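The exercises below are to be worked through with the sequence and the 3D structure side by side. Each one opens with a task and continues with a solution in steps.

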Amino acid sequence: MGRIVTIALWRANNKPPVELVVANLKTLDDTKIEDAFYRDLAFGTGGLRGVIGAGTNRMNIYTVAKASQGLADYLKKIFAEPSVTIGYDSRIKSDVFAKVAAGVFAANGIKVNIWPALMPVPTVSFATRYLHTSAGVMVTASHNPSKYNGYKVYGADGCQITTEAAAEILGEIEKLDIFADVKTSDFEAGVTNGSIQYIPDEVYSAFVEQVKSQSVLFGEEVNKDVAIVYSPLNGTGLKPVTRTLKEMGYTNITVVKEQEQPDGNFPTCPYPNPEIKEAMALGMKYARKCNADLLLATDPDCDRVGIAVKNKAGDYELLSGNQTGMLLLDYICSQRVKHGKMPADPVMVKTIVTMDMGEQIATHYGLRTINVLTGFKFIGEQIGKLEKQSKADNYVFGFEESYGYLTGSYVRDKDGVDGAYMICEMFSYYATKGISLLEKLDELYKTYGYCLNTLHSYEFDGSAGFAKMQSIMQAFRGDIKEFGGKKVVKLLDYAPGLDGLPKSDVLKFLLEDNCSIVVRPSGTEPKLKTYISVSAKNKEAAETVEAEIRKSAEEYLK
């Protein structure tokens with residue numbers, strides 16, 4: 001169907017709640033119309049993610065309903081009595097999209113279990129497993145700016161859908177006319193007739209109990225009166241994080257007032273991602289004012305955690321996801337070894353862009369490391385493989401450089417509630433011994449060598465930006481000899497599939513002197529990302545080398 005006809009149909013589809021979507025078309029100029037309709041919103045292993053607004057390339061009630069109908073058709077082919085778990089975060093229209101999806105599933109005879117209030121993303125993975133539903137849906141765009149929303153799909157195992165399942169669901173979606181082929185029903189009517197049910201509080205409590213059970217103190221006493229400042233960044237973390245911490249004895253908690261309550265506009269942090277210092281700035285102010293020992297922040301869907309701790313000068317220093325992950329890995333392993341709680345054939349899972357020092361730490365404690373593609377779903381997939389072999393308890397820890405951690409097999413996605421709790425426990429453990437996290441980090445560097453990992457993102461918006469990113473990836477696949485004076489020892493191209501991993505548009509250049517650079521388009525944002533890893537004798541030397549490699553790589557981004 002031609003694009004002009006498609007746009008005309010959207011304008012003509014004058015049915016309630018038309019004011020939520022189609023009225024938006026009147027505000028768009030030709031360029032914005034082009035971007036809104038030049039393609040269908042991509043559906044992949046991460047489900048949907050896009051800007052909220054009218055159009056086939058936007059997040060709105062129609063694209064959400066169409067995706068839900070495609071998923072419903074897929075589930076009905078596989079399950080005799082399909083069911084689904086639904087959750088949503090604090091983003092604009094998250095509750096609306098969740099109820100639209102629920103209405104579509106109910107209209108298709110699929111039993112719906114929906115959280116009665118906004119909840120963190122890991123609770124959908126957990127509830128999918130706990131309630132034994134056929135699939136899970138989480139309405140979220142994670143840490144993206146407020147104009148975005150998304151639709152994340154989980155399989156019956158609680159793990160994000162595989163590449164194969166995503167392709168099959170996409171096939172079902174593509175068969176559909178966005179207006180004519182989608183079955184819908186009223187949400188409230190579904191609640192009344194029982195086709196849509198609210199998830200009971202016992203499931204939420206079971207989730208919190210699983211998080212609490214991740215402790216590796218094994219009876220050791222630590223000082224839990226440490227002063228904690230916490231920010232949920234106007235997202236879903238407030239209740240589960242503070243409940244878990246308080247039930248485990250951490251009561252000296254100050255919440256950042258301006259970021260306490262759910263608010264999809266994110267008024268104090270336009271980019272609500274604990275990876276970036278701007279999102280942590282208000283929390284840092286609170287930490288200084290309260291003389292806090294530890295600052296914690298979770299992103300809006302509460303699957304990522306950022307932290308800051310006091311340095312020797314008395315100011316607060318942000319830790320990277322790599323640094324926090326390595327500290328957690330070392331703490332968990334050392335405690336398990338000390339108390340004789342390390343499983344047989346223990347496993348650590350990390351992504352290929354996560355600091356290689358993680359593997360060195362794992363090896364030191366006798367863990368086997370599994371490296372996977374970028375995205376926590378691939379870590380979840382490995383836990384699932386262990387579970388099928390009745391070896392889920394062999395999984396000790398999984399982490400990724402983008403602030404995602406998971407210490408247990410009770411969910412199949414990164415968990416900010418678990419991450420926040422385990423960070424507090426680790427902090428308290430070392431504080432009781434008079435050791436700061438920065439001192440512990442220095443100790444790790446002395447043991448394994450200094451390593452610097454950085455991430456750089458470059459934005460390419462719209463259809464032109466999409467094409468530009470493709471041409472840049474082709475340029476990187478040229479015969480490149482060096483970056484910043486460091487010779488390319490080997491190029492790993494994951495596009496055809498490598499080391500048993502799925503095909504992915506990712507390049508990893510192994511450079512001399514144990515340095516590397518990874519280049520990949522983001523799967524969820526209009527960005528191209530580079531990950532630079534440098535080994536050097538100290539921080540200053542590493543930063544100099546990193547700057548040269550980055551400068552060299554940016555020549556290919558022009």
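**Exercise 1.** Determine whether Y331 is buried or exposed, and then describe the ring pair that Y331 forms with Y429.

*Solution.* Begin with accessibility, where buried means under 20% relative accessible area, exposed over 50%, and partly exposed in between, with a 1.4 Å probe and protein chains only. Y331 has a relative accessible area of 0% and is therefore buried, and Y429, at 8% relative accessibility, counts as buried too. Before going on, note that this is a predicted model, in which local features need pLDDT of at least 70 and side-chain atom pairs count only at pLDDT 80 or more, while totals for chains, interfaces and linings use all residues. Residues are numbered from 1 along each chain as its sequence is written, and side-chain values use heavy atoms, with hydrogens and water left out.

Next, apply the ring rule: rings of Phe, Tyr and Trp (its six-membered ring) pair if their centres lie within 6.5 Å, and planes under 30 degrees apart count as stacked, over 60 as edge-to-face and the rest as tilted. This rule gives a count of 15 aromatic pairs. For Y331 and Y429 the ring centres are 5.3 Å apart and the planes stand at 55°, so this pair is tilted.

Then place both residues, using helices (H or I, at least four residues) and strands (E, at least two) that are DSSP runs numbered from the N terminus. Because Y331 lies in helix α11 (residues 321-338) and Y429 in helix α14 (residues 416-432), the pair ties together parts that are 98 residues apart in sequence. Finally, Y429 also forms an aromatic pair with Y430, with 5.3 Å from centre to centre and 75° between the planes, which is edge-to-face.

**Exercise 2.** Work out which strands stand at the edges of the open sheet, and which helix packs on this sheet.

*Solution.* Two strands pair if DSSP finds at least two bridges between them. Six strands form the open sheet, with antiparallel pairing, in the order β16-β21-β20-β19-β18-β17. At the edges stand β16 (450-459) and β17 (482-483), each of which has a single partner strand, so one side of each is left without a neighbour in the sheet. For β17, two bridges join this strand to β18 (residues 486-493), and F483 stands opposite K486 in β18.

For the helix, count a contact where heavy atoms lie within 4.5 Å. Helix α17 (residues 539-554) packs on the sheet and touches β16, β17, β18, β19 (507-511), β20 (515-521) and β21 (527-536). E546 in helix α17 has a relative accessible area of 5% and is therefore buried. Leaving aside residues up to four places away in sequence, E546 touches L452, T454, H456, I532 and V534.

**Exercise 3.** Explain why β20 is described as largely enclosed, and trace how β20 is joined to β19 and to β21.

*Solution.* Six of the seven residues of β20 are buried, so the strand is largely enclosed by the rest of the structure. Towards β19, the pairing is antiparallel over five bridges, and L511 stands opposite C515 in β20. The two strands form a hairpin with three residues between them, and D513 in the turn has a positive phi of about 60°. Towards β21, six bridges join the antiparallel strands, S516 has S533 in β21 as its bridge partner, and a hairpin of five residues makes the connection.

Notes: Axes are lines fitted to C-alpha atoms, for helices over the stretch in contact, and angles run from 0 to 180 degrees between N-to-C directions.
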